[in-house]
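These are my notebook entries on a structure that I examined. I record what I looked up, entry by entry.

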Amino acid sequence: MLVQCCKTLKRLRSCRSLSAAANLQNTATSLGQAVRLADTVDVLDLQESADLLCVNLMCEKVGDPCICRLSRVLEKLHHLTRLNLANNQLISLPDSIGQLEQLQYLDLSNNRLQSLPDTMQHLRHLKVCHLD
Ligand SMILES: [Zn+2]
């Protein structure tokens with residue numbers, strides 16, 4: 001599919017702007033999808049996500065916003081360049097966020113974060129971080 005697209009695009013010599021290019025990114029919008037696409041996903045959009053409400057009966061935060069599942073999933077996503085966690089009422093972030101070595105864009109707006117993990121100092125490619 002991608003190869004076919006590229007062949008077609010080469011014929012569009014006069015095209016100056018190609019908004020569909022964004023769709024060539026591998027985007028996941030749930031933790032389950034992120035796990036399935038773990039080897040290739042580069043964008044994870046969990047804005048206002050039900051996936052960040054804890055369903056783990058063994059966790060003290062069950063029923064509330066929680067990062068226990070997110071923490072395990074992030075460890076698997078080595079190619080992520082964009083992560084959106086806006087609007088989730090999170091009070092903390094998992095240490096594993098520091099393993100996202102390729103991360104360039106991080107949106108944490110509209111949460112209740114009291115601190116950021118020290119591991120975030122490893123995010124050497126981070127260019128944009130929304131915290132408001
Ligand atoms: Zn939990």
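**Entry 1: a strand pair.** I began with Ala 28, which stands opposite Leu 44 in strand 2. I then looked up how the two strands are joined: strand 1 and strand 2, the latter spanning residues 43-45, pair in the parallel sense over 2 bridges. I note here that the model is predicted.

**Entry 2: the sheet.** I asked in which order the strands lie in the sheet. The 5 strands form an open sheet in the order 1-2-3-4-5, with parallel pairing. The edges are strand 1 (27-28) and strand 5 (128-130), each of which pairs on one side only.

**Entry 3: the overall plan.** I counted the elements next and found 3 helices and 5 strands in the protein. Along the sequence, I read the pattern α-β-α-β-α-β-β-β.

**Entry 4: the core.** Which residues have the most contacts inside the largest nonpolar core? I found Leu 44, Leu 77, Leu 80, Leu 83 and Leu 100, in a core of 22 residues. Helix 3, residues 68-74, gives the most to this core, with 3 residues. Leu 44 thus appears in my notes twice: it faces Ala 28 from strand 2, and it is among the core residues with the most contacts.

**Entry 5: Leu 77.** I followed one core residue further. Leaving out residues up to four places away in sequence, Leu 77 touches Ala 34, Ala 38, Val 41, Leu 44 and Leu 100. Of these partners, Leu 44 and Leu 100 are also listed with the most contacts inside the core.

**Entry 6: burial and contacts.** I looked up the buried share and found that buried residues make up 19% of the 132 residues in the protein. Of the contacts with a separation of 6 or more, 32% are between residues 24 or more positions apart.

**Entry 7: backbone angles.** I checked phi, bearing in mind that most residues other than glycine have a negative phi. Gln 89 is not a glycine, yet has a positive phi of about 60°. I located Gln 89 in the loop between strand 3 (82-84) and strand 4 (105-107). Asn 110, also not a glycine, has a positive phi of about 60°, and lies in the loop between strand 4 and strand 5.

**Entry 8: exposure of these two residues.** Are Gln 89 and Asn 110 buried, exposed or partly exposed? Gln 89 has 13 other C-beta atoms within 10 Å; because 12 or fewer would make a residue exposed and 20 or more buried, Gln 89 is partly exposed. With 16 such atoms within 10 Å, Asn 110 is partly exposed as well.

Terms used:
Residues are numbered from 1 along each chain as its sequence is written. This is a predicted model: local features need pLDDT of at least 70, side-chain atom pairs count only at pLDDT 80 or more; totals for chains, interfaces and linings use all residues. A nonpolar core is a set of buried Ala, Val, Leu, Ile, Met, Phe, Trp, Tyr and Cys residues joined through C-beta atoms within 7 Å. Helices (H or I, at least four residues) and strands (E, at least two) are DSSP runs, numbered from the N terminus. Two residues are in contact if their C-beta atoms, placed from the backbone, lie within 7 Å. Two strands pair if DSSP finds at least two bridges between them.
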